[in-house]
Amino acid sequence: MMGILIMVPLTALIFGPFSQYLSQAIANGLVALLDLSSILTGVVFASVWPFLVVLGVHWGITPIQLDNLARGGDPLNAMAAGATFAQMGIAFGIFLRYRKNKNLSSLSLAGTVSGIVAGVTEPILYGFILRYRRLIPILIISGAAGGGLIGFFGAEMYSYAFNSVLTIPAYGPIPQYVFSIAVSFVVGTVLTFIFGLGKEADASVATESTSETMNESKEEVEAEKEASDKEEIVEGTQIKIQSPLSGELVPLTEVEDEVFSSGAMGKGAAILPTDGTLVAPFDSKISSFFPTKHAIGLTDENGIELLIHIGMDTVQLNGEHFSSSVAEGQEVKQGDKLVNFDVEAIQQAGYSVVSPIIVTNTDSFKQVASEKSRHVEPNDSIITVVK
């Protein structure tokens, strides 16, 4: 009720009129730009079109498009196709690069199909581009490429339709229009495939890519899960890794995320923390530290590369409930405080706090074995690495 009482007057008195004036200003600017250069208009319009959609001011351009149609043809909606097919290309690029990740591949393929068939790209825009901001420059570049070509060829829309493959006959000249939107699609696909979504998404494909080279069969993996969580240590120089957290030590195979539980990223253990203080498990150098502070990589003098990931999918919190005063490249001593995090707040936000601790270069050692499940405190041994 309070939301309605506040937002309805604000919408009627402030947001509505502001959006109307902003839409009109954008529309007038486009008309002036179109008189100046159709190529420049195509580049600019296709670059900003998705962001006009986000702001909801794109409807202010519709009257101009309808007026253009009444005069024979509308170039603006044709130019917008550059941005639309760029988004489809980005979704297809995500599918190609992350096709072994079930969640990303299914969502990106669905977004690609909905765009191609119906011209609906909101799932791509809100589900990927605004979530993974490194895609925004790719969207601008690929959209501008197609929009500029459409302006160059003078392509127009001759009957009102959303931009999709099925509505291509509504535009003309068709060969030039098809070539232009194909450029947007291909550029979006290639750039997305090359640059990807970032470290977090790239790590998610490790399960399938590593499983292709694993010598263990599925039956052997299941047998390993059923085996004792205390492995017999082989001969060699033993290095003990201490616990960086207070909590319950659990086998890595019990972590819900298959990226970790399968051992694809390396062997180790996991801890269900009882407090929110993460300390250095050994003398080491901080080799990587995510901006969201939910994951940190350490490397010690023995060459052990350790990844500590606080919680599951906590990257979505974007650093909320996490704090730290350390930085990548810093030398730390065992027991030094690395990260503070609010266990209760993270759980209330709907995220698991079980934290994998993984030796990511497991193959560099004879053995990486976790200790038996129990309650642990910092300085308690949890993992044995044998050189």
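Arg99 counts as exposed, because its relative accessibility is 51% and the cut-off for that word is over 50%. The model in which this residue appears is a predicted one, and Arg99 offers a convenient place from which to begin reading it. Arg99 sits in the loop between α4 and α5, the latter covering residues 102–118. If residues up to four places away in sequence are not counted, Arg99 touches Ile94 and Ser105. Along the chain, Arg99 and Asp336 are 237 residues apart, and in space their C-alpha atoms are separated by 40 Å.

From this exposed residue we can turn to a buried one. Asn68 has its place in helix α3, and Asn68 is called buried because its relative accessible area is 15%, whereas the limit for that term is under 20%. Once its neighbours within four places in sequence are left aside, the residues in contact with Asn68 are Gly73, Asp74, Pro75 and Leu76.

What do buried nonpolar residues build together? The largest nonpolar core has 43 residues, and the ones with the most contacts inside it are Phe45, Trp49, Leu135, Ile150 and Tyr177. Several helices contribute to this core, since at least two residues each are supplied by α1 (2–36), α2, α3 (62–70), α4 (75–97), α6, α7 (135–153) and α8. The largest share comes from α4, with twelve residues. Ile150 shows what such contacts look like for a single residue: leaving aside its neighbours within four places in sequence, Ile150 is in contact with Ala78, Met79, Ala81, Gly82, Ala155, Tyr177, Ser180 and Ile181. Apart from this core lies another one, made of 35 residues, which include Leu245, Phe282, Leu298 and Phe322.

Two of the helices that supply the 43-residue core, α2 and α6, can also be looked at as a pair. Two packed helices are described by the angle between their axes and the distance between the axes. For helix α2 (residues 38–55) and helix α6 (residues 122–129), the axes come within 11 Å and cross at roughly 90°. An angle of 65 to 115 degrees counts as roughly perpendicular, and α2 and α6 are therefore described in that way, as roughly perpendicular to each other. Where they meet, Pro50, Val53 and Val54 belong to α2, while Glu122, Leu125 and Tyr126 belong to α6. Sorted by character, the residues of this contact are five nonpolar, no polar and one charged.

The strands come next, and a general point helps in reading them. Strands of a sheet pair through backbone hydrogen bonds, either parallel or antiparallel. Strand β5, which covers residues 267–273, is mostly covered, with five of its seven residues buried. Strand β4 (residues 247–251) is joined to β5 by five bridges and runs antiparallel to it; in this pairing, Gly247 has Pro273 of β5 as its bridge partner. β5 is also joined by five bridges to strand β13 (residues 355–359), again in an antiparallel arrangement, and here the partner of Ile271 is Ser355 in β13.

Elsewhere, three strands form an open sheet in the order β3-β16-β14, with antiparallel pairing. How can one recognise which strands lie at the edges of this sheet? The edge strands, β3 (238–242) and β14 (367–370), each pair on one side only. From one strand to the next the twist averages 20°. Four bridges in the antiparallel sense connect β14 with strand β16 (residues 381–386), and Ala369 stands opposite Thr384 in β16.

A few places along the backbone deserve a separate look. Gly172 and Pro173 are joined by a cis peptide bond, with omega about -5°, and Pro173 is found in the loop between β2 (171–172) and α8 (174–195). Which residues other than glycine have a positive phi? One of them is Asp313, with a phi of about 60°, and another is His321, whose phi is near 75°. Asp313 lies in the loop between β9 (305–309) and β10 (322–323), and His321 likewise has its place in the loop between β9 and β10. Asp313 counts as partly exposed because its relative accessibility is 45%, and His321, at 28% relative accessibility, therefore counts as partly exposed too.

How values were computed:
Residues numbered from 1 in each chain as written. Predicted model: local features only at pLDDT ≥ 70, side-chain atom pairs only at ≥ 80, totals over all residues. Heavy atoms only, no water. Pairing = 2+ DSSP bridges. Axes fitted to C-alpha atoms, helices over the stretch in contact; angles between N-to-C directions. Buried < 20%, exposed > 50% of the residue type's maximum accessible area, 1.4 Å probe, protein only. Parallel < 35°, antiparallel > 145°, perpendicular 65-115°, else oblique. Contact = heavy atoms within 4.5 Å. Nonpolar A, V, L, I, M, F, W, Y, C, P; charged D, E, K, R; others polar. Core = buried A, V, L, I, M, F, W, Y, C linked by side-chain atoms within 4.5 Å.
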